2 protein chains.
Amino acid sequence: MTTSESKKAVVLTSGGLDSAVTAALAMAEGHECHCLIFDYGQRHRIEIERAQQIATALNAASSHVLDINLTKISQSALTTSMPVPKGHSIDDIGQGIPSTYVPARNTIFLSIALGWAESLGASSIFFGANVLDYAGYPDCRPEFVTAFNTMAQLGTKQGVEGSPITVHAPLLKLTKAEIIVKGIALGVPFGLTHSCYDPSPHGTPCGACDSCLLRQKGFQDAGISDPALEDH
Amino acid sequence: MTTSESKKAVVLTSGGLDSAVTAALAMAEGHECHCLIFDYGQRHRIEIERAQQIATALNAASSHVLDINLTKISQSALTTSMPVPKGHSIDDIGQGIPSTYVPARNTIFLSIALGWAESLGASSIFFGANVLDYAGYPDCRPEFVTAFNTMAQLGTKQGVEGSPITVHAPLLKLTKAEIIVKGIALGVPFGLTHSCYDPSPHGTPCGACDSCLLRQKGFQDAGISDPALEDH
């Protein structure tokens, strides 16, 4: 692998705040970033368009929207007509696994990123998971990322040949406020990011799902007003 | 989880010989089998149709063809116009990783199977990998399967709650001949199975790719004539 290839990275890009900051961080570290975006049948489809806009705004080397319709094989409030839970107390978020959990979603996304990374000759995958104020998802935890990396090393040609592809989750232990402060310093276009699980058809956030509540608290704790509420 | 749910299984079904025997084995063990078939842009597309026919012939509880177009993000002789290697000596197969390796393919397929299994409340995934006469693929090895299971336990709700989903690869250490003998005993419709990586537009096997050569040797060693060569 050449030096240039070793700085290639695939970035899971959801259109949300965490993955936008993750992409900006990867670029600030000198990676040539290839943004992988999924159209998986999510009800908050606006995030797909936003993810593409974010990749462009951050000058990603490329972006790709992969269609993978999980609606017929996945039971989740994000992929079916099950209601999205709303109105939780902020302290209750992260207690237990909510109905917005999409079975094995991050495993699926990281696996596809792994395949693309290997085809590109990239050595890194960047993943915006974060555990401190996460909404109870098992596949956003450090032990999951570590286990994924072990599996990825054994299951790929690059891994077997001594150049494993590694998943980096630089936001894993940061609070939402810390992520926002970091993003502001990196010039992340937060006005383009979308967090809500259950937006209006025009993309207006509901303001009451767990993802909206975590976002609101993050901006509040960071002492910054949310540009997405002004811009859109 | 009820007793009935615990016997549900997702079976990766490729249309090939190994996965057909694996599905038949899972059924013989009393599993309610849900066959997962991938349309991933493979050049040997006939295997998709054969996989559906096999699922029906074996009386699977359900089957689902998932579209996931890997051609734009995957470098492999199976997904691009790269030539499929042919005419190897049988003893050379399995030495090194061939150009028919699709980056992270089995990781991707198993991850999607994991999501479906969790949505079904299944406890098992059946996977027809086999290592003894495999064509050098890193993601067909026992250590990969073990690492996948560890990752799956940590990354799913069922795993975290104490009912992990486990990948079973019952053919892992069998020779092709042993797999064929087992399949005959189980009534596997080998005439429907397709192994060739580079068939004619009508589905006729090339007879010279690694997959054809391994199949020919398997039937020869088992002392059985290949019904697929008679039926199709």
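In the predicted model, V188(B) is located in the loop that links α7 to α8 (210–222) of chain B. This valine is buried, since 24 other C-beta atoms lie within 10 Å, and 20 or more suffice for that class. Leaving aside residues up to four places away in sequence, V188(B) touches A20(B), V21(B), A24(B) and G183(B). The C-alpha atoms of V188(B) and D18(B) are separated by 10 Å, although the two residues are 170 residues apart along the chain.

Several of these residues recur where α2 and α7 of chain B meet. Helix α2 (residues 17–28) and helix α7 (residues 176–185) of chain B have axes that come within 10 Å and cross at roughly 45 degrees. The two helices, α2(B) and α7(B), are therefore oblique to each other, and their crossing is left-handed. On the α2(B) side the contact involves L17(B), D18(B), A20(B), V21(B) and A24(B), which meet I179(B), K182(B) and G183(B) of α7(B). Sorted by class, the contact of α2(B) with α7(B) comprises five nonpolar, one polar and two charged residues. I184(B) also belongs to helix α7 of chain B. This isoleucine counts as partly exposed because it has 14 C-beta neighbours inside 10 Å, a count between the limits of 12 for exposed and 20 for buried residues. Measured by position in the chain, I184(B) and L25(B) are 159 residues apart in sequence, whereas their C-alpha atoms are 11 Å apart in space.

In chain A, a further helix pair was examined. Helix α7 (residues 176–186) and helix α8 (residues 210–222) of chain A pack at an angle of about 65 degrees, and their axes are 8 Å apart. That angle makes α7(A) roughly perpendicular to α8(A). The crossing in which α7(A) passes α8(A) is right-handed. From α7(A), the residues K176(A), A177(A), I179(A), I180(A) and V181(A) take part; their partners in α8(A) are L214(A), R215(A), K217(A), G218(A), F219(A), D221(A) and A222(A). The contact of α7(A) with α8(A) has seven nonpolar, one polar and four charged residues.

Two residues of chain B outside these helices have positive backbone phi values. For N59(B), phi is near 60 degrees, a positive value in a residue other than glycine. N59(B) is part of the loop between α3 (46–57) and β3 (62–67) of chain B. With 8 other C-beta atoms within 10 Å, N59(B) is exposed, because 12 or fewer define that class. For A104(B), phi is likewise near 60 degrees, again positive in a residue other than glycine. A104(B) is found in the loop between β3 and α4 (105–120) of chain B, and its 30 C-beta neighbours inside 10 Å place it among the buried residues.

Between the chains, 39 residues of chain A are in contact with 39 residues of chain B. On chain A, β3 (62–67), α4 (105–120), α5 (142–155) and α6 (157–160) each supply at least two residues of the side that touches chain B. The most is given by α4(A), with 11 residues. By class, this side of chain A has 19 nonpolar, 13 polar and seven charged residues.

The α4 helices of the two chains pack against each other. The angle between α4(A) and α4(B) is about 165 degrees, and their axes are 8 Å apart. The helices α4(A) and α4(B) are therefore roughly antiparallel to each other, and they cross in a left-handed sense. The contact is formed by R105(A), T107(A), I108(A), S111(A), I112(A), L114(A) and G115(A) of α4(A), together with R105(B), T107(B), I108(B), S111(B), I112(B), L114(B) and G115(B) of α4(B). The residues of this contact divide into six nonpolar, six polar and two charged.

The nonpolar interior was considered last. In soluble globular proteins, nonpolar side chains tend to be buried together. In this model, the largest nonpolar core has 132 residues, and those with the most contacts inside it are A113(A), I125(A), A113(B) and I125(B). Residues up to four places away in sequence excluded, I125(B) touches A9(B), V10(B), L110(B), A113(B), L114(B), A117(B), I165(B), V167(B) and H168(B).

Definitions and conventions:
Residues are numbered from 1 along each chain as its sequence is written. Chains are lettered from A and ligands numbered from 1 in the order in which they are written. This is a predicted model: local features need pLDDT of at least 70, side-chain atom pairs count only at pLDDT 80 or more; totals for chains, interfaces and linings use all residues. Two residues are in contact if their C-beta atoms, placed from the backbone, lie within 7 Å. Helices (H or I, at least four residues) and strands (E, at least two) are DSSP runs, numbered from the N terminus. Ala, Val, Leu, Ile, Met, Phe, Trp, Tyr, Cys and Pro count as nonpolar, Asp, Glu, Lys and Arg as charged, and the others, Gly among them, as polar. Axes are lines fitted to C-alpha atoms, for helices over the stretch in contact, and angles run from 0 to 180 degrees between N-to-C directions. Angles under 35 degrees count as roughly parallel, over 145 as roughly antiparallel, 65 to 115 as roughly perpendicular and the rest as oblique. A crossing is left-handed if the near helix is turned anticlockwise from the far one by less than a right angle, and right-handed if clockwise. A nonpolar core is a set of buried Ala, Val, Leu, Ile, Met, Phe, Trp, Tyr and Cys residues joined through C-beta atoms within 7 Å.
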